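Trainee: I'd like a close look at one part of this model, and then a walk outward from there. Could you take me through it in one go?

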Amino acid sequence: MSYDPPRPAGRLLLTPEDKEAPARTRRLRGLGLGERPEPALDAFASRLAGHAGTPYAMVNFLVADGQFFAGLHTPLIAPVVRSDGTSARLGRSLPRDHGFCPHVVVRRKALVLEDVCDYPRFAGNPVVDEFGIRSYLGAPLIDSTGMVLGTVCVADIQPRPWGKTGLATIKEQAAGLVARLERREDDGLPPI
């Protein structure tokens, strides 16, 4: 297994370097995305969660200072209860080193983790402990310019056998959402 260069503090960088981040930020601003919740993208995430049968679904844009979930579906009650009786609720933003979407963006291809604990690189990710994430399925949102804007993804607190059907579905959902975003841009309509 290879890791990226160490951070200045000497810690291994488990999240890959994102060299397209400045260009992506400019593109997202031009599309009016990545800075506020979008009700249409929340609805998209809810439909995606329902289709996949998962407690979490997101439309995630990687922005200059981390990740922003412009579309978000979470369970009404946080599924993980800590030993002190508290639980974590997923908000609209996360640091860049949390979760698996930054890997999808840099790889430029879908990522299937049926059980994140089977992968040392991913098992120690903060979302595993904070939110109980055990499985993940995500695909990049690649626009017609070739820019990866972000991801669509689903996650569960149980291991999931996503299989080829799950992979095909998440890729189709990502492609359909990009087409929808670009149609709105082409028509001169306000952002979703």
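Is I170 buried or exposed, and what is its relative accessible area?

Mentor: I170 is buried, with a relative accessible area of 1%. Keep in mind that this is a predicted model. The residue belongs to helix α6, which covers residues 163–186. Its C-alpha lies 7.3 Å from that of V152, although the two residues are 18 apart in sequence. V152 falls within the residue range of strand β6, 148–156, so let's go to the strands next.

The sheet is an open one of six strands, in the order β3-β2-β1-β6-β5-β4, and its pairing is antiparallel. The two edge positions belong to β3 (93–94) and β4, each of which has a single partner strand, so one side of each has no neighbour in the sheet. As background, strands in a sheet pair through backbone hydrogen bonds, in either a parallel or an antiparallel sense.

Now follow β6 to its partner β5 (residues 135–142). These two strands are antiparallel and share eight bridges. One place to see the pairing is I142, which stands opposite V148 in β6. The hairpin that β5 and β6 form has five residues between the strands, and G146 has a positive phi there, near 90 degrees. β5 itself is mostly covered, with seven of its eight residues buried.

On to β4 (residues 111–113), which runs antiparallel to β5 and is joined to it by three bridges. Here V112 is the residue opposite L137 in β5. Over at β3, two bridges make the antiparallel connection with β2. Q67 has L94 of β3 as its bridge partner.

L94 is worth remembering, since it turns up again at the cavity. Searching the whole structure gives one cavity of 30 Å³ or more. The largest cavity holds about 130 Å³ of space. Its lining is made of 15 residues, and those nearest the centre are M58, L94, G99, V127 and I133. Three elements, β1 (56–63), β2 (66–73) and α5 (126–131), each give at least two residues to that lining. By character, the lining of the largest cavity has 12 nonpolar residues, three polar ones and no charged ones.

Next, the loop that leads into β4. R108 sits between α3 (101–107) and β4. Its phi is positive, near 65 degrees, and R108 is not a glycine. For context, most residues other than glycine have a negative phi. R108 counts as partly exposed, at 34% relative accessibility.

The cysteines deserve a quick check too. There are zero disulfides in the structure. C101 takes part in none, and the nearest cysteine sulfur, which belongs to C153, is 3.6 Å away. The cut-off for a disulfide is 2.5 Å between the sulfur atoms, so a pair at that separation does not count. C101 is buried, at 3% relative accessible area, whereas C117 is partly exposed, at 38%.

For a contrast with the sheet, look at helix α1 (residues 21–31). Its buried residues are R24, T25, R27, L28 and L31. Looking down the axis of α1, you find them within an arc of 165 degrees, so they line one face of the helix. On the face turned away from that buried side, α1 carries the exposed residues R26, R29 and G30. Right after α1 comes G32, with a positive phi near 70 degrees.

Finally, here is the overall layout to hang all of this on. The chain has six helices and six strands. Along the sequence they follow the pattern α-α-β-β-β-α-β-α-α-β-β-α. Of the 192 residues in the chain, 48% are buried. Back where you started, I170 in α6 is one of the buried residues, at 1% relative accessible area.

Methods:
Residues numbered from 1 in each chain as written. Predicted model: local features only at pLDDT ≥ 70, side-chain atom pairs only at ≥ 80, totals over all residues. Heavy atoms only, no water. Buried < 20%, exposed > 50% of the residue type's maximum accessible area, 1.4 Å probe, protein only. Helix = DSSP H or I, 4+ residues; strand = E, 2+ residues; numbered from the N terminus. Arc of directions from axis to C-beta. Pairing = 2+ DSSP bridges. 1 Å grid on protein atoms, 1.4 Å probe; cavity = no way out; pocket = protein on both sides within 12 Å on 5 of 7 lines; lining within 4 Å. Points joined across faces, edges and corners; volume = space filled by probe spheres on them. Nonpolar A, V, L, I, M, F, W, Y, C, P; charged D, E, K, R; others polar.
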